[in-house]
Amino acid sequence: MIILKSDPEIAALRRAGRVVAEAHRIVRDRLRPGVTTAEIDAWVEEFLRKRGAIPAFKGYRGYPASCCTSVNDEVVHGIPGSRVLVEGDIVSVDIGAFVDGFCGDSAWTYPVGTVSELAQKLLRVTEEALYKGIEQAVAGRRLSDIGHAIQQHVEASGFSVVRDFVGHGVGRAMHEAPQIPNYGPPGRGVRLKEGMTLAIEPMVNCGDYRVRVLEDNWTVVTADGSLSAHFEHSVAVRTGEAEILTTL
Ligand code: MF3
Ligand code: CO
């Protein structure tokens, strides 16, 4: 069942989303070659707590940190640690936070220093694909129009869409119905309505779409070792144009 949010509930989701966006701003501003992924996690956790927000990931199914940091061929759910980022890396930082009982969830892939032409294209195409998906998150469209738009853009650019992980509804819980695949035919699934709040999150690989999970039981990597990117916003379905919640 998809939970429709009232305007006051969407206002709370906006507050959570803003805190998540501010945490991303800090990461973006401080990121440079030589920082460790554990330092990123410390910046995020300290900022969220300072703002009175609760890190949504910490303790979720035993997850040990306040954000996910996924480097290069890591797709999602990388655990922050002693890894030192070097010039040319790309790092996907996924942040979730609860404010007043509502969750904001957003991921962004950042270049570390100067990155390859291929990495630059991957970041650009994945971010564009996120916005193509968001364009479909309007009242009257069908759920699968989101994933279809994402897949079209990604594959037209020569990249592939991860199948094994999907976007989701977001609200009082980080993961609500519906699941939102980033691929598939258009015109299927529920009809979108005002008050639905969705986390849209394309994960895009330079090579094959297949992934595997490392021994730590969290880190998802591309099966072929190719680079991967992840961009995510929490949005509210509106008439005409979706409202992005995880923004400043
Ligand atoms: N944005 C991710 C998701 O929607 C965050 C989950 S990471 C976890 O699934 F560590 F909390 F599991
Ligand atoms: Co998410």
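A residue is counted as near a molecule if one of its heavy atoms lies within 4 Å of it. With that cut-off in hand, we can begin at the ligand of this predicted model, where 13 residues surround ligand 1, and the closest are Tyr63, Asp94, Asp105, His168 and His175.

Some of these surroundings involve polar atoms. A nitrogen atom of ligand 1 lies 3.0 Å from an N or O atom in the side chain of Asp105, while an oxygen atom of ligand 1 is 2.8 Å from an N or O atom in the side chain of His175. The side chain of Glu232 also takes part, with an N or O atom 3.2 Å from a nitrogen atom of ligand 1. The protein covers 95% of the 330 Å² of accessible area that ligand 1 has on its own.

Asp94 and Asp105 lead us to a pair of strands, since strand 4 spans residues 90-99 and strand 5 spans residues 102-111. These two strands run antiparallel and are joined by 10 bridges; one of the residues in them, Asp94, has Ala107 in strand 5 as its bridge partner. As a general point, strands of a sheet pair through backbone hydrogen bonds, either parallel or antiparallel. Strand 5 is mostly covered, with nine of its 10 residues buried.

Where strand 4 turns into strand 5, the hairpin has two residues between the strands. Asp100 lies in this loop, and it has a positive phi of about 50 degrees although it is not a glycine. Is Asp100 buried or exposed? Its relative accessible area is 54%, and it is therefore classed as exposed, for which the cut-off is over 50%. A second residue with a positive phi is His77, at about 65 degrees, and it is not a glycine either. His77 lies in the loop between strand 3 (74-76) and strand 4, and with a relative accessible area of 24% it is partly exposed.

From these loops we can turn to the interior. In soluble globular proteins, nonpolar side chains tend to be buried together. Here the largest nonpolar core holds 53 residues, of which Ile40, Leu48, Ile95, Ile146 and Ile200 touch the most other members. Several elements each supply at least two residues of this core, among them helix 1 (7-30), helix 2 (37-50), helix 4 (144-156), strand 2 (67-71) and both strands of the hairpin. Helix 3 gives the most, with seven residues. To see what such packing looks like for one residue, consider Ile40, which, leaving aside its neighbours within four places in sequence, is in contact with Val27, Leu31, Cys67, Thr69, Leu85 and Val93. There is also a second, separate core of 10 residues, which includes Ala56, Phe57, Ala65 and Trp218.

Finally, we come to an open sheet of five strands, whose order is 8-7-9-14-15 and whose pairing is antiparallel. Which strands stand at the edges of this sheet? They are strand 8 (176-180) and strand 15 (243-244), and because each has a single partner strand, one side of each is left without a neighbour in the sheet. Strand 15 pairs with strand 14 (residues 233-236) over two bridges, and in strand 15 the bridge partner of Val235 is Ile244. At the other edge, strand 8 contains Pro178, and the peptide bond from Ala177 to Pro178 is cis, with omega near 0 degrees.

Note on methods
Residues are numbered from 1 along each chain as its sequence is written. Chains are lettered from A and ligands numbered from 1 in the order in which they are written. This is a predicted model: local features need pLDDT of at least 70, side-chain atom pairs count only at pLDDT 80 or more; totals for chains, interfaces and linings use all residues. Side-chain values use heavy atoms; hydrogens and water are left out. A nonpolar core is a set of buried Ala, Val, Leu, Ile, Met, Phe, Trp, Tyr and Cys residues joined through side-chain atoms within 4.5 Å. Buried means under 20% relative accessible area, exposed over 50%, partly exposed in between (1.4 Å probe, protein chains only). Helices (H or I, at least four residues) and strands (E, at least two) are DSSP runs, numbered from the N terminus. Contact means heavy atoms within 4.5 Å. A polar contact is a pair of N or O atoms within 3.5 Å; within protein, one must be able to donate a hydrogen and the other to accept it, and residues adjacent in sequence count only if both atoms are side-chain atoms. Accessible areas come from the Shrake-Rupley method with a 1.4 Å probe; for residues, only the protein chains shown count as cover. Two strands pair if DSSP finds at least two bridges between them.
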